[in-house]
Amino acid sequence: MTSAPSDVTRRWWKEAVVYQVYPQSFNDSDGDGVGDIPGIIEKVDYLADLGIDCVWLNPVYESPHVDNGYDISDYRTILDEFGTMADWEALRDALHDHGIRLIMDLVVNHTSDEHAWFVNSRSAKDAEKRDYYWWREGRDPEETDLDPDDYDTPEGVTEVPPNNWESFFGGSAWTYDETTDQWYLHTFDERMPDLNWETEAVREEVFDMMQWWFDKGIDGFRMDVVNLVSKPPDLPDGTDPEAVVRGADQFVNGPRVHEYLSELHDRLTDGRDVLTVGEMAELSVEEARRYTGENGDGMSMVFTFDHMRLDMVDSERWSYREWTPKELKETMTRWQEGLAEEGWNSLFLNNHDEPRQVSRFGDTGKYRRESAKLLATLLHTLRGTPYIYQGEELGMTNYPFESLDGIRDVDTLKNVRAARKQGRLADDEVMDLVRYRTRDNARTPMQWDDSGYAGFTEPNTGAEPWMPVNPNKDAINVDAERADPDSVWHYYRDLISLRKDRDVVVYGDYELRLADHESLWVYTRTLDTADRDAPDTLLVVLNFGSDETVFEPPADLDGRPAEILLSNYPATAEAVESDTFRPWEARIYDFA
C-alpha cells in the first residue's frame, strides 16, 4: 500500500465506500413481501464480502409511509413492518462486528402529519406546539395573482394560500386546515408539514433526538433536504422564474440555515468521529464550501445534483433532453476542482430517488456489463466518497412499467398529474417519461437469485413483493454475478480493494486531460507519498459511448511507462500509447 504524506488530514469517511440500503426492497425475512431489518442482518456477510465500509440505512422509523418513510411520525421508534428496536440493535452490532459503520437517514425539514407534535399543533390556534410548524392566514385572491380554483378548499372558502410557493411534489406548498381556518406549509406532500426551525424548542427537540441516536452507537447521519430548514419569517412570494419550483428562491438555503447547521455541529458532532452528509437542493460549489469543513458549518460532505439534472429541461424533473458525456465531464469536474481545497465530494449516479444509473448514463443492451463497469470506474476513481446504491453492484436496470397503475411513488403520481393539468406533458409522452424518470425504478426488489421473486421473499407465503421484481432477474442477480469472475460484482470488489490499497485513489489531486474530447473522459490522480521518491500517479481513461474511439495521449504522457491496473476489457500495456478504445471501455493506468 502507498501511504499519503503526514500533512494529509485522514478521515474514515473520506476513505470509506458507503452502501445504501433501502430496507423495503433489500431482503424480506418473514415472507410478508416487505424487506425488513432481520433481512438486512441475514445479508451482512454479503456486504462484508463486497468490501464496503459503511451502510447508509434509509428511514426505518415509525411512519405512515406516504413518502416511503420520509414522513416520520416517531423518531425514536422502529416501524413494526421493519422489526423492533432490538432488531435494529442487532443490525448495528452485526455491522460493527464486521468493521462496517452505520449511518441513519434523518428528515428534520418536515414530519408526518401523524407526528404527535403536529397532532397537537393543528388542534387549536393556541396549542402548545402551534409554532412547531408554519401556520398562516389565507389571502384575498383579489390582492394576488393566484386563482382560487387552483386550490383544494372546502365549499365557501374563497381565500388563496399565504404565498405562491409550490411543493416539490407538485401543486401548492400550502394546505387549508378547517380545524383552525388557517393554512400550513409543506414543501413536499400535504401530509408532510414543514417544521418551523425559527422556534427554538423545535431545534432543541431535534438536537436531543439526534443525541439519543448517537448514544445508541450510530456513526452519523445522512440528512434529507437539510438546506430547506430555514425560511424567512415573513414568507414572501417567490420571484425567481428560473427556480426549480416557485418559491425555492426563498426557502432553499434560507437566511438562517448556516446558523442552524453550525449550531448542530457545535452541539452534536464537533470532536466526534462521525459522518454527516447533507442532501442539498439547488446548491452551487461556492455554497457547498460554506456547509462543509472546518471553515464552514461542519458537515462532512453534501449531496448535490447538478450532474443529475443534465437530462432535464431547465432543471424541470418531469422533462427530458439528451445529455452528452462532455456535459457530464464538465459538470463533475467543476465540483472536483471546486472542492479540491475545501470540502469533499459525494460520488453517486443513482440512489433511492433516482433511476438506475446503467439505464440513465449507460447502455442497457449489448454493453450493459461494460457500461456498468465504466460508471463504477468513474465513481470509484474520482476524488470523494463513493456511494453504492443496492443492486448497482450487479448492474441492475430500470423496470419496464406499462402503466401508471403500477406506480406507487407519490412524487411521480403528483407531478405527472400537475404536469398534465398545466399542459406540460401530453398523454402520449407520459409512460415513456415515467419509465425513464420514476423513483420506483430504484425501489424494485434486490435480485438475489433467479427464483420466482428473485430471492427477495419466499414465493410460497401468499404475499407478493410490495414492488414487482424486474423480469431480467434471471440474468442479473447476486448468485450469477458472484459465480462469474468477470461480472460487474467482482469488478466492484476490485475497485473497492484498490481504494484500500492506494491512498492516491482517496487523497490524490484530480486533473482533467483532453477536456474538449466529446466522448473520452481522461484524468490523472496524483499524490505525493511518504514511501516514494516520485508522486504516485494513476491515469483514468473512459470511453463514454457505444462506438470505438481513438485515444491520443497528452504529449507529456505519451510513451510514459505504465501498466494497466484495472480494465473492463482484456487489456495490457507497458506504456501509455495511442490506442483504439472499445465501446464503454475503461482503463486505469498505473505509473508505478
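This report looks at aromatic ring pairs and at charges over rings in a predicted model.

Let us begin with the rings. The count comes to 36 aromatic pairs. One of them joins Trp-88 and Trp-213, whose ring centres lie 5.0 Å apart with 75° between the planes, an edge-to-face arrangement. Trp-88 belongs to helix 4 (residues 85-97) and Trp-213 to helix 6 (residues 200-215), so this contact ties together parts that are 125 residues apart in sequence. How buried or exposed are the two partners, Trp-88 and Trp-213? Trp-88 has a relative accessible area of 0% and is buried; Trp-213 is likewise buried, at 0% relative accessibility.

Another pair brings Phe-168 and Phe-251 together: with planes at 80° and centres 6.0 Å apart, this pair is also edge-to-face. Phe-168 sits in the loop between strand 6 (135-136) and strand 7 (174-177), while Phe-251 is in helix 7 (residues 248-251), so the pair links parts that are 83 residues apart in sequence. Both Phe-168 and Phe-251 are buried.

Trp-88 and Trp-213 also have further company. Ring pairs connect them with Tyr-61, Tyr-75, Trp-117, Tyr-132 and Trp-212 in a cluster.

Now to the charges. Two arginines that lie over the face of an aromatic ring are listed here.

| Arginine | Ring | Distance to ring centre |
|---|---|---|
| Arg-101 | Trp-12 | 4.3 Å |
| Arg-560 | Phe-591 | 4.1 Å |

Notes. Residues are numbered from 1 along each chain as its sequence is written. This is a predicted model: local features need pLDDT of at least 70, side-chain atom pairs count only at pLDDT 80 or more; totals for chains, interfaces and linings use all residues. Side-chain values use heavy atoms; hydrogens and water are left out. Rings of Phe, Tyr and Trp (its six-membered ring) pair if their centres lie within 6.5 Å; planes under 30 degrees apart count as stacked, over 60 as edge-to-face and the rest as tilted. Helices (H or I, at least four residues) and strands (E, at least two) are DSSP runs, numbered from the N terminus. Buried means under 20% relative accessible area, exposed over 50%, partly exposed in between (1.4 Å probe, protein chains only). A charge sits over a ring if NZ of Lys or CZ of Arg is within 6 Å of the ring centre and within 35 degrees of the ring normal.
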